[in-house]
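Student: Could you take a close look at one part of this model for me? I'd like to go through the salt bridges along the helix, and then hear about whatever else is worth a glance.

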Amino acid sequence: AALPKATILDLSCNNLISLPSDFCSLMHLVKLDLSKNRLQQLPLDFGRLVNLQHLDLLNNRLVTLPVSFAQLKNLKWLDLKDNPLDPVLAKVAGDCLDEKQCKQAAVKVLQHMKAIQSEQDRQRQRKLQAEREMEKKREAEQRAKEAQERELRKREKAEEKERRRREYDAQKAAKQEVEKKTKKETVHTRKPASSSRPSQPPRHKPSWSRSVLRVLLFVLFCILCTLAACKLTELQRQPLCVSVNTLYEDVVAALQNHKTLQNMLQHNSQ
């Protein structure tokens, strides 16, 4: 790390088990020899060595390569022989028995790692999309739940308002009933005598016969008054009174004759 501008580094035959993470700060490396060690894996950010052209990993214990390996776009030569590689990776790398095969190994492994990186990116995108959709779904469910709670509170508020209105109407009706009853009792208290009196029969209007009788009585009264005036006052010498007196005497005589006739009839019948 103290030589950041080193371009060629040979660490072969050192029984290295792993490489520290700051090893990838040697970004000027062009040729790197890590053969005949005991490396089980490379640093995850091994792809930072973007200037690397020649890489020798012969006779190690590598099974896979880090995904960042796809960033080694300048890699021209690669040797992965004598490693317990994953079968797919081993088939892609092939044998590095000559210069041509090692160059082909570099190209094919880079393509393979790029494909893995793309697939992982797609998986990451799908996962991120799924997480976003899940988050949207949770948000939608939360909004629906909040809307439902608001609707429930609104309905409860309306029911409470309706209940209070019914109670108010019932209290108002009861109050009116009490006032009506009190008013009725007050009226009965003010008029106790009228309630205790027996009901009187309704007065009938005077009929026509009574009116005629009253007229006849009035006429008879007038006749008696006239007769009395003609008999007892100085008006008896007046022509009108003379006629009245004569008429009176004739009526009395007729009545007497009528009475005599009745007596005779009664005597004959006996």
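Tutor: Let's fix the term before we use it: a salt bridge here is a side-chain nitrogen of Lys or Arg within 4 Å of a carboxyl oxygen of Asp or Glu. Keep in mind that this is a predicted model.

With that cut-off in hand, start with Arg138 and Glu135, whose side chains meet in a salt bridge at 2.6 Å, N to O. Both sit in helix α2, three residues apart, so about one helical turn separates Arg138 from Glu135. As for cover, Arg138 is partly exposed, with a relative accessible area of 44%, and Glu135 is partly exposed too, at 34%.

Now slide along to Arg122 and Glu119. Their side chains also meet in a salt bridge, with an N to O distance of 2.7 Å. Helix α2 spans residues 99–190, and because Arg122 and Glu119 are three residues apart in it, they are separated by about one helical turn. Arg122 is partly exposed at 43% relative accessibility, while Glu119, at 30%, is partly exposed as well.

The next pair is Arg164 and Glu160, bridged at 3.2 Å, N to O. This time the spacing in helix α2 is four residues, and that again puts about one helical turn between Arg164 and Glu160. Arg164 counts as exposed, with a relative accessible area of 55%, whereas Glu160 is partly exposed at 28%. This pair has company: Glu160, Arg163, Arg164 and Glu167 are linked in a network of salt bridges. As background, side chains of opposite charge can pair when their charged atoms come close. For the overall tally, the structure holds twelve salt bridges.

On to the cysteines. How many disulfides does a search of the whole structure find? The search turns up one disulfide, formed by Cys96 and Cys102. Their sulfur atoms are 1.3 Å apart in the model, which is inside the 2.5 Å cut-off for calling a disulfide. The torsion about the S-S bond of Cys96 and Cys102 is about 100°, so this disulfide is right-handed. Both Cys96 and Cys102 are buried. Why is Cys222 not bonded to Cys225? The sulfur of Cys222 lies 6.5 Å from the closest cysteine sulfur, the one in Cys225, and that is too far for a bond. Cys222 is partly exposed, at 32% relative accessibility. Cys13, for its part, counts as exposed, at 52%.

Leu89 gives you a look at a covered spot. Leu89 belongs to helix α1, residues 87–93, and is buried, with a relative accessible area of 5%. Leaving out residues up to four places away in sequence, Leu89 touches Val63, Thr64, Leu65 and His112. Take His112 from that list: Leu89 and His112 are 23 residues apart in sequence, yet their C-alpha atoms are 7.9 Å apart in space.

Finally, swing over to helix α4, residues 208–232, where you'll find Leu217. Leu217 is part of a nonpolar patch on the surface, together with Leu213, Val215, Phe218, Val219, Leu220, Ile223 and Leu224. Taken together, the residues of this patch have about 770 Å² of accessible area.

Key:
Residues are numbered from 1 along each chain as its sequence is written. This is a predicted model: local features need pLDDT of at least 70, side-chain atom pairs count only at pLDDT 80 or more; totals for chains, interfaces and linings use all residues. Side-chain values use heavy atoms; hydrogens and water are left out. Helices (H or I, at least four residues) and strands (E, at least two) are DSSP runs, numbered from the N terminus. Buried means under 20% relative accessible area, exposed over 50%, partly exposed in between (1.4 Å probe, protein chains only). Contact means heavy atoms within 4.5 Å. Patches are made of residues with over 30% relative accessible area and no salt bridge: like charges are joined within 9 Å, nonpolar side chains (Val, Leu, Ile, Met, Phe, Trp, Tyr) within 5 Å. Accessible areas come from the Shrake-Rupley method with a 1.4 Å probe; for residues, only the protein chains shown count as cover.
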